[in-house]
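Please work through the exercises below with the structure open beside you, and try each task before you read its solution.

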Amino acid sequence: MHKARYLVFFQYIGTKYCGAVKVPPHQLGKKGVQDHLENAIQRLRPDNPVSLSVSSRTDTGVHALSNSAHFDLRRKNDKLPFTEDILVQALNYHLRTEQIRFCLKFPLSSSFSVSICAITRAHRVPHDFHARFCAQSRTYVYRIALGISHHSLLPITDCDLCWSLRNTELNMDAMHEAAALLVGTHDFSSFRAVNSDMPFKNPVKTLDVVTIQPGNSFAHAHFHREMPFWELTFTSKSFLYKQVRRLTGAMVAVGQGLLSVAQLKKLLEARDSLAYPQGMAAPAHGLFLTRVDYRDTDLQLSEEPLPSTRHSED
C-alpha cells in the first residue's frame with residue numbers, strides 16, 4: 001500500500017479561528033485552523049484516518065504566514081501518492097469556502113478576495129519525520145502602529161493585523177537595550193502564561209534573535225497619510241505559552257517609559273509567571289508566525305526510512 005507522509009506549509013488570518021490546533025468537541029461552534037485543514041484532507045477520500053500534527057500552536061487571534069504540519073495519506077485502490085503540486089492544488093480547492101471577499105470601491109477595481117486559510121507548499125517527507133519535533137527554529141514578528149487614537153485612522157488592510165498605540169513615538173534606545181537583555185539562554189518563567197502544559201514544559205529557552213526594526217502599513221504606498229510602524233522579531237527553536245506576546249508587552253512598556261530596563265531584568269530574574277504585571281501582554285492580533293525552518297536533510301525522502309530518533313521535547 002502506498003502510504004505517504006506530507007509536510008505542508010499554510011497561512012491564515014487568525015481573527016476568526018480559535019488558534020491553530022483542533023478545538024475539543026465540547027466547545028460547540030468553535031473551530032481551529034487544524035479543523036478546516038483536516039476537513040479538506042478528508043475530501044480527498046483517503047483510505048486511512050487523517051490527523052495533522054501542527055508544528056506551532058498559535059493562540060486565538062494570532063496569524064501565520066508560514067505555519068506547518070505533517071500527516072499521512074493513503075489513497076484508495078492502491079493509487080500512487082499525490083504529487084506535491086497536485087496536493088497543494090487539491091487542498092486549496094477544498095479550502096475555497098474559507099475565503100472572505102472584501103468589496104471596495106476603488107477607481108480602477110471593484111473588489112478583491114483574500115483567502116484566510118491556504119496551503120502554500122508541500123513536501124513528501126520520510127515516515128519518521130515530525131513537523132513539531134524536527135523544526136529547527138520558529139520566527140514570530142509582532143507589528144505595532146504608532147499615533148493611532150482611533151481604529152478608523154488605520155487602513156482596513158491593517159485592522160486586526162497590528163497593535164495600534166496612541167504613542168507617537170517610543171524610546172527605541174531603551175527597547176534595543178531590552179532586546180539585548182533578552183537574547184540568549186534564560187529561564188523565561190516570568191514570560192509564560194499559566195496553562196495545563198506548564199508543569200511539563202522546560203522554561204529554559206534560547207532566544208537566537210530579538211530585533212526591533214521599522215515596518216510599514218500593508219497599504220503604505222496608497223494610503224492618504226503616513227504612520228510609523230515597528231516590527232519586533234523573535235526567533236527560537238521553541239517558545240513557551242504566550243511568551244512572545246508577554247515579551248512584546250514588556251518591551252513596549254520599556255519604550256513607553258512604564259518599565260525600566262533594570263525592572264525588566266528584575267522581572268526576568270524573578271522566574272515567576274505571577275510576577276508579570278497584569279494587563280501588560282501585547283494583544284494577539286498583532287502577532288504573525290512567519291517561518292518554521294527545517295534541515296534539508298530531514299526533508300529528503302529515502303527508500304528505507306531510518307529509525308525514529310529525532311523526537312525530543314518542543
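**Exercise 1. Helix H1**

Task: Find which residues of H1 are buried, and work out what covers them.

Solution: Begin with the residues themselves, keeping in mind that this is a predicted model. In H1, the buried residues are Val33, Gln34, Asp35, His36, Leu37, Glu38, Ala40 and Ile41. That is 8 of the 10 residues of H1, so the helix is largely enclosed by the rest of the structure. Next, look for the elements that provide the cover: they include strand E1 (3–12), E2, E3, H2 and strand E6 (117–125).

**Exercise 2. The chain as a whole**

Task: State how many helices and strands the protein chain has, and what share of its residues is buried.

Solution: Counting the elements of the protein chain gives 6 helices and 12 strands. Of the 314 residues in the protein chain, 48% are buried. Turning to the surface, the protein chain exposes about 16400 Å², and carbon and sulfur atoms supply 51% of that area. Finally, consider the contacts between residues at least 6 apart in sequence: 74% of them join residues at least 24 apart.

**Exercise 3. Positive phi in two loops**

Task: Locate Arg45 and Asn77, and decide whether each is buried or exposed.

Solution: Start from the general background that most residues other than glycine have a negative phi. Arg45 is not a glycine, and yet its phi is positive, at about 55 degrees. Arg45 sits in the loop that runs between helix H1 (33–42) and strand E2 (53–54). Its relative accessibility is 64%, and because exposed means over 50%, Arg45 counts as exposed. Asn77, likewise not a glycine, has a positive phi of about 60 degrees. The loop that holds Asn77 lies between strand E3 (63–74) and helix H2 (84–94). With a relative accessible area of 70%, Asn77 is exposed.

**Exercise 4. Leu146 and its partners**

Task: Describe where Leu146 is found, and which residues Leu146 contacts beyond its neighbours within four places in sequence.

Solution: Leu146 belongs to the loop between strand E7 (137–145) and strand E8 (163–164). Its relative accessible area is 2%, and because buried means under 20%, Leu146 is buried. When its neighbours within four places in sequence are left aside, Leu146 is in contact with Leu165, Asn167, Thr168, Glu169, Leu170, Met227, Pro228 and Trp230. Take Met227 from this list as a case to examine: Leu146 and Met227 are 81 residues apart in sequence, but their C-alpha atoms are 6.6 Å apart in space.

**Exercise 5. Two charged side chains to compare**Task: Decide whether Arg245 is buried or exposed, and find which residues Lys3 touches, not counting residues up to four places away in sequence.

Solution: Arg245 is placed in helix H4 (residues 243–255). At 15% relative accessibility, Arg245 counts as buried. A polar atom of the side chain of Arg245 lies 2.9 Å from the backbone oxygen of Ala282. Not counting residues up to four places away in sequence, Arg245 touches Asp59, Tyr276, Ala281, Ala282, Pro283, Ala284 and Leu287. Lys3, for its part, lies in strand E1, and at 33% relative accessibility Lys3 counts as partly exposed. With residues up to four places away in sequence again not counted, Lys3 touches Asn48, Asp72, Leu73, Arg74, Arg124 and His127. The C-alpha atoms of Lys3 and Asp47 are separated by 9.2 Å, and these residues are 44 residues apart along the chain.

Conventions: Residues are numbered from 1 along each chain as its sequence is written. This is a predicted model: local features need pLDDT of at least 70, side-chain atom pairs count only at pLDDT 80 or more; totals for chains, interfaces and linings use all residues. Side-chain values use heavy atoms; hydrogens and water are left out. Helices (H or I, at least four residues) and strands (E, at least two) are DSSP runs, numbered from the N terminus. Buried means under 20% relative accessible area, exposed over 50%, partly exposed in between (1.4 Å probe, protein chains only). Contact means heavy atoms within 4.5 Å. Accessible areas come from the Shrake-Rupley method with a 1.4 Å probe; for residues, only the protein chains shown count as cover. A polar contact is a pair of N or O atoms within 3.5 Å; within protein, one must be able to donate a hydrogen and the other to accept it, and residues adjacent in sequence count only if both atoms are side-chain atoms.
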